[in-house]
Amino acid sequence: MAKIDIRENRAEMPERRNVLRKVISPAVAEVAVETAKTAKVFGIEPKVAMLSYSTKGSGKGPNVDLVRNATAIAKEKAPDVAIDGEMQFDAAVSPVVGQLKFPGSKVAGYANTFIFPEIQS
């Protein structure tokens, strides 16, 4: 039986967090890397934004962890590709917002390839 923690008036199942991190994050990372390869086929130098409802830790939760972990895996698999995240869409496309919310990122504000693993991203 699953252990349920009650936090902030909602139930969370720690097992879900582990599944997201261990199973889904690598799959999302693979999608990001393969999408970057596809962009190159079309002559686009990919700047991959791993989208989330959080930018650089502004939000918390298993969905943010999924994107953060997937970003780390994707960067490891494709160190030559500009990949960054987790970030919100406004930070991905607006240079002003991107550098304000995610200073120093080569992708924030200049993304041309977007990975959003969930509808809330």
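**Figure 1. Ile 115 sits in strand S5.** The model shown here is predicted. Ile 115 is buried, because its relative accessible area is 6%, under the 20% limit for that class. Its contacts, leaving out residues up to four places away in sequence, are Val 28, Val 31, Ala 32, Thr 35, Val 48, Ala 49, Met 50 and Leu 51. One of these, Thr 35, lies 80 residues from Ile 115 along the chain. Even so, the C-alpha atoms of Ile 115 and Thr 35 are separated by 8.4 Å.

**Figure 2. The whole chain gives the setting for the close-ups.** The protein chain has 4 helices and 5 strands. Along the sequence they follow the pattern β-β-α-β-α-β-α-α-β. The chain has 121 residues, and 39% of them count as buried. Take the contacts between residues at least 6 apart in sequence: 58% of them join residues at least 24 apart. The accessible surface of the chain is about 7000 Å². Carbon and sulfur atoms account for 60% of that surface.

**Figure 3. Val 107 lies in the loop between helix H4 (95–101) and S5.** Val 107 has 2% relative accessibility, so this residue counts as buried. Setting aside residues up to four places away in sequence, Val 107 touches Lys 47, Val 48, Ala 49, Ala 82, Ile 83, Asp 84, Met 87 and Ala 92. Val 93 is 14 residues from Val 107 in sequence. The C-alpha atoms of Val 107 and Val 93 are 8.8 Å apart in space.

**Figure 4. Phe 89 and Phe 114 form an aromatic pair.** The structure holds 1 such pair. The ring centres of Phe 89 and Phe 114 are 5.3 Å apart, and the planes meet at 45 degrees. The pair is classed as tilted because this angle is neither under 30 degrees nor over 60. Phe 89 belongs to helix H3 (residues 89–93), whereas Phe 114 belongs to strand S5 (residues 113–115). The pair links distant parts of the chain, 25 residues apart. Phe 89 counts as partly exposed, at 44% relative accessibility. Phe 114 is also partly exposed, at 28%.

**Figure 5. Helix H2 covers residues 62–77.** How far apart are the end C-alpha atoms of helix H2? They are 22 Å apart. This agrees with the expected span, because 16 residues at 1.5 Å a residue should span 22 Å. Buried residues of H2 are Pro 62, Asn 63, Val 64, Leu 66, Val 67, Ala 70, Thr 71 and Ala 74.

**Figure 6. Asp 65 and Arg 68 form a salt bridge in helix H2.** The closest N and O atoms of Asp 65 and Arg 68 are 3.1 Å apart. The two residues are separated by about one helical turn, because they are 3 residues apart in the helix. An α-helix has 3.6 residues a turn, so residues three or four places apart point the same way. Asp 65 is partly exposed, with a relative accessible area of 25%. Arg 68 is partly exposed as well, at 33%. Asp 65, Arg 68 and Glu 86 are linked in a network of salt bridges.

**Figure 7. Lys 77 and Glu 30 meet in a salt bridge.** The count for the structure is 7 salt bridges. In this one, the N to O distance between the side chains of Lys 77 and Glu 30 is 2.8 Å. Lys 77 is in helix H2 and Glu 30 in helix H1, so distant parts of the chain, 47 residues apart, are linked. Lys 77 is partly exposed, at 48% relative accessibility. Glu 30 is partly exposed too, with a relative accessible area of 32%.

**Figure 8. Asp 90 and Lys 101 meet in a salt bridge.** Their side chains come to 3.0 Å, N to O. Asp 90 lies in helix H3 and Lys 101 in helix H4, so the pair ties together parts 11 residues apart in sequence. Asp 90 is partly exposed, with a relative accessible area of 33%. Lys 101 counts as partly exposed, at 32%.

**Figure 9. Val 41, Phe 42 and Ile 44 make a nonpolar surface patch.** The patch has an area of about 350 Å². Val 41 is in helix H1 (residues 14–41). Val 41 counts as exposed, because its relative accessibility is 68%, over the 50% limit.

Terms used:
Residues numbered from 1 in each chain as written. Predicted model: local features only at pLDDT ≥ 70, side-chain atom pairs only at ≥ 80, totals over all residues. Heavy atoms only, no water. Expected span 1.5 Å × (residues − 1). Buried < 20%, exposed > 50% of the residue type's maximum accessible area, 1.4 Å probe, protein only. Phe/Tyr/Trp six-rings, centres within 6.5 Å; stacked < 30°, edge-to-face > 60°. Contact = heavy atoms within 4.5 Å. Areas by Shrake-Rupley, 256 points an atom, 1.4 Å probe, with all protein chains shown as cover. Patch = residues over 30% accessible without salt bridge, like charges linked within 9 Å, V, L, I, M, F, W, Y side chains within 5 Å. Salt bridge = Lys/Arg side-chain N within 4 Å of Asp/Glu carboxyl O.
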